[in-house]
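Hi,

Here is the structure I said I would pass on. Have a look at it first, and my notes follow underneath.

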Amino acid sequence: MTRHNPSGSATPASLGPQLPSPLREVADERFARRGLRLLLKRDDLIHTDLPGNKWRKLEPNLRAAAQDGRHTLLTFGGAYSNHLRATAAAGRLLGFATIGVVRGDELAGRPLNWSLARCAADGMELRFVDRATYRRKTEPEVLASLAPPEDCLVIPEGGSNAAAALGCAALGRELRGAADVVGVACGTGGTLAGLAAGLEQGQRAIGFPVLKGGFLGAEIRRLQQEAFGGVRGDWLLEERFHCGGYARTSPELDAFADDFTARHGLPLERLYVAKMLLGLTTLAEEGAFAPGTTVAAVVTGAAPAQPADSSR
Ligand SMILES: *Cc1c(COP(=O)(O)O)cnc(C)c1O
């Protein structure tokens with residue numbers, strides 16, 4: 001009742017998320033041949049505009065923002081960021097102003113690509129910054145130079161903060177008793193940090209980074225420390241399946257994703273989900289999982305209605 005609510009009535013819960021998300025077994029001979037079961041955890045079905053882990057990570061932040069009387073969300077992302085689109089949509093649905101800080105000042109003078117155009121259509125103010133500045137975005141001076149409004153909640157890139165990791169722990173809890181191994185794609189690592197913490201003893205999580213090299217393991221430990229007071233769960237990173245790096249693809253990845261869609265009738269989100277499924281399938285074929293293992297793949301997002309515009 002006392003909660004501040006910019007739009008008058010809408011709260012995240014009033015948006016009707018489909019939770020817990022469906023868990024469905026698919027018959028895939030590459031797994032069956034090895035005595036393995038493959039389950040798809042359909043987080044992509046949680047909400048149309050805030051799909052997958054974007055719902056799980058944004059929801060606690062949106063609730064906190066409303067409770068603290070904040071009217072504006074400021075966050076960061078690349079030119080095709082799923083997180084920027086989800087934040088812009090959340091702003092439209094819940095009555096927050098949104099500011100998106102976009103990596104790459106060369107984009108400023110050009111027509112918006114489909115993803116940024118959707119952010120703008122949802123009312124997001126886009127601010128383009130050069131890559132060197134973007135890399136320093138967590139430094140206080142850089143943040144100050146962006147002059148966030150006083151009533152602003154600043155959400156880190158990818159939405160990954162302690163609140164987000166706590167939100168993603170629910171994903172792990174929903175999978176208790178249902179799988180031995182859980183695969184998830186990683187960008188900033190917030191989803192894996194929470195997922196691994198929510199699983200129970202004996203379950204393990206495998207993260208598939210879609211970016212090349214880096215400090216993701218340290219970042220996940222930092223997020224777990226902040227959210228849970230220490231490193232939690234049994235998790236590791238499998239670094240072989242970035243397919244060239246963020247938003248890059250390879251002929252092998254494209255062939256795999258097309259074939260997966262043909263087998264199972266599910267179009268795959270290509271920046272993250274396809275790489276994770278290629279990784280899990282390759283591990284299964286390499287004999288990495290003992291017969292009898294149930295493998296759950298988290299479908300963290302949906303294939304966008306508009307295909308990525310490779311011409312920008
Ligand atoms: C953002 C995103 C991820 C990455 O999540 P992190 O918490 O940043 O690791 C994975 N899959 C999809 C579909 C995403 O949109």
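**Lys54 and what surrounds the ligand**

Lys54 counts as buried, because 28 C-beta neighbours sit inside 10 Å of this residue, where 20 or more is enough for that label. Keep in mind throughout that this is a predicted model. The lysine is found in helix H2, and UniProt (an unreviewed entry) lists Lys54 under "modified residue: N6-(pyridoxal phosphate)lysine". If you skip residues up to four places away in sequence, Lys54 touches Asn82, His83, Ala86 and Gly159.

Asn82 turns up again around the ligand: of the 19 residues there, Asn82, Gly187, Tyr272, Thr300 and Gly301 come nearest. Which elements supply at least two residues each to that shell? They are helix H2 (52-67), helix H3 (82-94), strand E7 (181-186) and helix H8 (190-198). H2 gives the largest share, with 3 residues. Sorted by class, the shell has 13 polar, 4 nonpolar and 2 charged residues. Both domain 1 and domain 2 take part, as the shell draws at least three residues from each.

**The two domains**

On the domain assignment, domain 1 is made of 12-52 + 161-298, while domain 2 runs over 53-159. Their C-alpha centres lie 25 Å apart. Where they meet, 23 residues of domain 1 are in contact with 22 residues of domain 2. On the domain 1 side, helix H7 (162-174) and H8 each supply at least two of the touching residues, and H7 has the largest share, 7 residues. That side of domain 1 has 13 nonpolar, 8 polar and 2 charged residues. H8, then, is one to click on twice: this helix supplies residues to the shell around the ligand and also to the side of domain 1 that touches domain 2.

There is a domain annotation in UniProt too, again from an unreviewed entry: "domain: Tryptophan synthase beta chain-like PALP", covering residues 31-301. The C-alpha atoms at the two ends of that span lie 22 Å apart, and the span is 41% helix and 17% strand.

**Nonpolar cores**

The largest nonpolar core has 55 residues, and Val182, Val295 and Ala297 are the ones with the most contacts inside it. Helix H11 (residues 273-285) provides the largest share of this core, 8 residues. Val295 is a good place to start browsing. Leaving aside neighbours within four places in sequence, Val295 is in contact with Phe31, Leu36, Arg37, Leu38, Ala179, Val181, Gly183, Leu280, Ala284 and Phe289. A second core, separate from that one, has 26 residues, including Ile46, Leu94, Leu116 and Cys119.

**One last residue**

Is Glu150 buried or exposed? It is exposed, because just 8 other C-beta atoms lie within 10 Å, and the cut-off for exposed is 12 or fewer. Glu150 has its place in the loop between helix H6 (140-145) and strand E6 (152-154). In space, Glu150 and Thr72 are 8.8 Å apart, C-alpha to C-alpha, although 78 residues separate them in sequence.

Cheers

Key. Residues numbered from 1 in each chain as written. Predicted model: local features only at pLDDT ≥ 70, side-chain atom pairs only at ≥ 80, totals over all residues. Near = placed C-beta within 6 Å. Helix = DSSP H or I, 4+ residues; strand = E, 2+ residues; numbered from the N terminus. Nonpolar A, V, L, I, M, F, W, Y, C, P; charged D, E, K, R; others polar. Domains from an automatic or database assignment. UniProt positions renumbered as here; feature names shortened; annotations may be inferred. Contact = placed C-beta atoms within 7 Å. Core = buried A, V, L, I, M, F, W, Y, C linked by C-beta atoms within 7 Å.
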